[in-house]
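Trainee: I would like to learn how to read the local and overall features of a protein model, one at a time. Could we go through them together?

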Amino acid sequence: MSVQHEVYRSQSLGPAHEQTFTPPKTPPCAEKELKTKIVHPWPEPETEPEEDFSKRRKIDTALDVVRAEADAETFNVTHQEVLLLHAAKERYAHTKEQPIPALNNDREMLVRVEVVGLNPIDWKAPDFGWGLPALPCIAGRDLAGTVVIAPKLKSRFREGDRVMSISTDYRDNRKAAYQQYSVVSDYNACRLAPHLSAIDAAPIGVAFVAAALALGICIGVDFLGTNDKARGPDILRAVRSLARDALPKDIQAECFDGIKEEERAKPGDWIAIWGGSSATGCCAVQLAKFAGLKVIAVVDVARSGERMLKYGADLLVDRLDTDRAIAIVKGITKGKLRFALDTVGRPTATLLAQAMQPSLEGETKRAHLVGLVAVPKPPIDGVASHSVPIKSFHEAPQVGESLMLWLEKLFENKLINTPDIVVADGGLEGINAALDRLRDGSVNGPRLVVPLKA
């Protein structure tokens, strides 16, 4: 007999959003668990109709708190191993006997880190002193693992759930990936579908979030209009339903003033993605296709063309001859390209801006260019430049949870491809050597993942 799941009502998405998601099916319980009453993340339909549902929900909530407290009591690990960065231009130091991070609110849970996904910022931040928090600090943005202490607040997560997490709140060492146990807010975590391994899931998180925010907020793509299996949130609507001061000041202008409603990307519009073979580019190609956009991927065609076609790109343009690349993009779009995403840096962002439609006198619709790394300087007339408001993922639970529920659905329906990966050995102690492979370019394209030692 199949189990019917209650639709998960988000703790973050209020009535203004009217978005509900049916969660993925819970994997079958182990044989020994079948001897006791099964506790599902979402309650089964009533078996005793005469019971008052509101009373049962109150009991469920009370049980959730009891379970979370029991999880905390049964988890008796007090110290862990971490990687600490003590100063810029230094290597991460493997450090033992560091305290297990504490949970500070009822939506936080503790995850045992099993696989870490490496990002370029993990070596660029210490090498160049970019965006470093107070030192010493723990780094790492992408991780996958298992919940060992569930949130106290009613949540879709339980102890033992396999999850991936994205740590965009890089100033909070508790949430970093380069440690054996990490604190995760439930609205910034994604449950893994049964068919998906932690190794495959670990490197996609930051790339997915960056791509979704770039498309959804910066150029206004509405993912509600996609087909049922791929349908996602209207991120711009969600973020603009918030009070302005609910978000940090440095992302308010992008979120509330960046693109006008009438300028938003629509199905059938062209978008050019320079660096489409990067992890963020791969995600952006797939998400843009879900929303009905026509995608030009500017890549090394000989090296990455086949993969880009698999992800759905409509046109491949070779990046090796930049003048010809710009000429092809202009020709295909008839000089009216209005949307573009650059994942490489300022020089390529400037090239993309040259291929975009300049605003005509009296024309209210501008062209919109998102620079993941940098935007053109000085600004290009008629082209509005955007930076991805990554903080909205952790600062606005409505945004974070809507993206994670959407990613769960995409995983469950096998609609999104994870990046190609290279597995590095050595656990935490091997991360410095793995980052060297990113520094010297010996791994360029596939994502590096590092399983931690049990």
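Trainee: Which residue follows H8, and what is the sign of its phi?

Mentor: Before the answer, a word on conventions: this is a predicted model, in which local features need pLDDT of at least 70 and side-chain atom pairs count only at pLDDT 80 or more, while totals for chains, interfaces and linings use all residues. Residues are numbered from 1 along each chain as its sequence is written, and side-chain values use heavy atoms, with hydrogens and water left out. Helices (H or I, at least four residues) and strands (E, at least two) are DSSP runs numbered from the N terminus. The residue that follows H8 is Gly312, and its phi is positive, near 110°.

Trainee: Which residues other than glycine have a positive phi near 55°?

Mentor: Most residues other than glycine have a negative phi. Here Lys334 has a positive phi near 55° and lies in the loop between H9 and E11, and Lys414 likewise has a phi near 55°, in the loop between helix H12 (397-412) and strand E14 (421-423).

Trainee: Is Lys334 buried or exposed?

Mentor: Buried means under 20% relative accessible area, exposed over 50%, and partly exposed in between, with a 1.4 Å probe and protein chains only. Lys334 has a relative accessible area of 69% and is therefore exposed, and Lys414, at 61%, counts as exposed too.

Trainee: What surrounds Thr333?

Mentor: Thr333 lies in the loop between helix H9 (322-332) and strand E11 (339-342), and it is buried, because its relative accessible area is 6%. Contact means heavy atoms within 4.5 Å; leaving aside neighbours within four places in sequence, Thr333 is in contact with Trp270 and Ile296. A polar atom of the Thr333 side chain also lies 2.7 Å from the backbone oxygen of Val329.

Trainee: Where are the cis peptide bonds joining Leu135 to Pro136 and Lys377 to Pro378 found?

Mentor: Most peptide bonds are trans. The bond from Leu135 to Pro136 is cis, with omega near 0°, and Pro136 lies in the loop between helix H2 (121-128) and strand E4 (142-149). The bond joining Lys377 and Pro378 is cis with omega about -5°, and Pro378 lies in the loop between strand E12 (367-371) and strand E13 (383-386).

Trainee: What is the strand order of the open sheet of 6 strands?

Mentor: Strands of a sheet pair through backbone hydrogen bonds, either parallel or antiparallel; two strands count as paired if DSSP finds at least two bridges between them. In this sheet the order is E10-E9-E8-E11-E12-E13, with parallel pairing, and the edge strands E10 and E13 each pair on one side only. Within the sheet, 5 bridges join strand E8 (residues 270-274) to E9, and Ile271 stands opposite Val295 in E9.

Trainee: What covers the buried residues of H8?

Mentor: In helix H8 (residues 301-311), the buried residues are Ser304, Gly305, Arg307, Met308 and Tyr311, and their cover includes helix H7 (279-290), strand E9 (294-299) and strand E10 (315-318).

Trainee: How many residues has the largest nonpolar core?

Mentor: A nonpolar core is a set of buried Ala, Val, Leu, Ile, Met, Phe, Trp, Tyr and Cys residues joined through side-chain atoms within 4.5 Å. The largest has 70 residues, and those with the most contacts inside it are Met164, Phe208, Leu287 and Leu403. Helix H4 (residues 205-218) gives the most to this core, with 11 residues.

Note on methods
A polar contact is a pair of N or O atoms within 3.5 Å; within protein, one must be able to donate a hydrogen and the other to accept it, and residues adjacent in sequence count only if both atoms are side-chain atoms.
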